[in-house]
Amino acid sequence: MDEILAITGITGKSGRAFAYCLEQHQDVIRSMFPGGIRVLLHKEREKDADILSCFAPERMYGDLEDEQFLSEALLGVDTIVHIAGIHWSRTLTTAAASQFVRRMIMVHTTGIYSKYKAAGEEYRNIDDFVYMMCRSKNIILTILRPTMIYGTIGDKNVARFIRMVDRFPIMPVVNNAEYELQPVHYKDLGKAYYNVLVSEKITGGHDYILSGGEEITLRNMLIEMGAYLSKRMRFISVPFPIAYSMAWALYIVTAGKKDYREKVQRLCEPRVYPHEEATRDFGYDPRTFRSAIGDEVREYLKATGRSEPGQLS
């Protein structure tokens, strides 16, 4: 074993934040992994690999569904930090077991807790497979479960709401958007991945929820965005039964090509999860949505070529 650290998903949002932490603590990482860092990248992500120049890892390009590629990529690897996504966890775990990887840190999802999400069953099945394989091969496993990730205009979550708030004169919502969420900033995740990595004696063999620093309703999230856009929010609320019926109608009319049924269901599902165990074990201290959303709105304004408006009082 060459004590190599392998990483997937390093060019994503939280992956970049993790890369920054690695750069800030290069001496610690070198002592833990004298064989160096190896990042597994898809060929389509090669243009985004500039972020990696900060700590000059070994790069291997391939597909995380390609068992042959994974077997070669994991030769000599001691520890894997898997950020790329839960859908590749089965093949990665299988390859890790065949190459005698000692430890795995897997970034999965709180979607397993949803009572609506059809994929929730798939997520749970993947978790079960990973648990079983790691137990059978004595791999030290830690699974991390972030909530809704935000912080950049490429986050595909909060960024969409910012665009809607900016463009719509009246914001359409379901059931007044009075359900609580707990979005987590990508920089807090990057720091959490690093802290889990360097505290194996405490975090090895444990799972952690990584939620944001406050519980906040979607309605109040939208109001906060509107304030940074100098826009007083007005809402039009659709009752859930009507919204869900409309989603069904669209599904039928488009012969299943546009399926928003689960999205409508989850719009009325609270997604609040405690992170006390992460705070206790490795000092997890995420920022609140209200303290951080301004940066993302300013990034959005810059991307649209506009100056920053003053915040409403």
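Let me start with Arg163, which counts as partly exposed at 28% relative accessibility, and which sits in helix α6, the helix made of residues 158–167. The model we are looking at is a predicted one, and every value I quote was computed from it. If we set aside the residues up to four places away in sequence, Arg163 touches Ile153 and Tyr300. As for longer distances, Arg163 and Met246 are 83 residues apart in sequence, and their C-alpha atoms lie 23 Å apart in space.

Now let me step back to the chain as a whole. Its secondary structure comes to 13 helices and 13 strands. The radius of gyration is 21 Å, close to the 20 Å that the globule rule gives for 313 residues, so the chain is as compact as a globular protein of that length. Taken along the principal axes, the box filled by the C-alpha atoms is roughly 60 × 45 × 40 Å. Of the 313 residues, 49% count as buried, and if we take the contacts with a separation of 6 or more, 77% of them are accounted for by residues 24 or more positions apart.

On the outside, the accessible surface of the chain comes to about 15,300 Å², and 51% of that surface belongs to carbon and sulfur atoms. As for charge, the chain has 40 positive and 40 negative charges, and the mean positions of these two sets are 6 Å apart.

Let me turn to the interior. In soluble globular proteins, nonpolar side chains tend to be buried together. Here the largest nonpolar core has 29 residues, and those with the most contacts inside it are Ile7, Phe18, Leu197 and Leu210. Which elements each supply at least two residues of this core? They are the strands β1 (4–8), β2 (37–41), β5 (103–107) and β11 (207–210), together with the helices α1 (13–24), α7 (186–197) and α12 (276–282). The largest share, six residues, comes from α7. Apart from this core lies another one, of 28 residues, and among its members are Ile80, Met104, Ile112 and Ile143.

Leu210 is a good place to look at the contacts in detail. Leaving aside its neighbours within four places in sequence, Leu210 is in contact with a number of residues, including Leu144, Arg145, Pro146 and Thr147, and also Val184, Leu189, Ala192 and Tyr193. Ala278, Phe282 and Tyr284 are in contact with Leu210 as well.

That list brings us to Arg145, which is found in strand β6, residues 140–146. Is Arg145 buried or exposed? With a relative accessibility of 4%, Arg145 counts as buried, because the cut-off for buried is under 20% relative accessible area. Not counting residues up to four places away in sequence, Arg145 touches, among others, His108, Thr109, Thr110, Ile112 and Tyr113, as well as Asp127 and Tyr131. Arg145 also touches Asp207, Tyr208, Ile209 and Leu210. In contrast to these contacts, the C-alpha atoms of Arg145 and Pro169, which are 24 residues apart along the chain, are separated by 35 Å.

Asp188 is another charged residue to look at, and its place is in helix α7. Asp188 is buried, with a relative accessible area of 8%. If its neighbours within four places in sequence are left aside, the residues in contact with Asp188 are Tyr284, Asp285, Pro286 and Arg287.

Next come two points about the backbone. Most residues other than glycine have a negative phi. Asn176, however, has a positive phi of about 65° although it is not a glycine. Asn176 has its place in the loop between β8 (171–174) and β9 (180–181), and it is partly exposed, with a relative accessible area of 39%. Ala255 also has a positive phi, near 55°, and is likewise a residue other than glycine. The place of Ala255 is in the loop between α10 (240–253) and α11 (261–267), and Ala255 is exposed, with a relative accessible area of 67%.

Let me finish in helix α10, where Ala249 lies. Ala249 counts as partly exposed, at 39% relative accessibility. Ala249 and Arg261 are twelve residues apart along the chain, and the separation between their C-alpha atoms is 9.7 Å.

Conventions. Residues numbered from 1 in each chain as written. Predicted model: local features only at pLDDT ≥ 70, side-chain atom pairs only at ≥ 80, totals over all residues. Heavy atoms only, no water. Helix = DSSP H or I, 4+ residues; strand = E, 2+ residues; numbered from the N terminus. Rg over C-alpha atoms; globule rule 2.2 N^0.38 Å. Buried < 20%, exposed > 50% of the residue type's maximum accessible area, 1.4 Å probe, protein only. Contact = heavy atoms within 4.5 Å. Areas by Shrake-Rupley, 256 points an atom, 1.4 Å probe, with all protein chains shown as cover. Lys, Arg positive; Asp, Glu negative; His and termini not counted. Charge placed at Lys NZ, Arg CZ, Asp CG, Glu CD. Core = buried A, V, L, I, M, F, W, Y, C linked by side-chain atoms within 4.5 Å.
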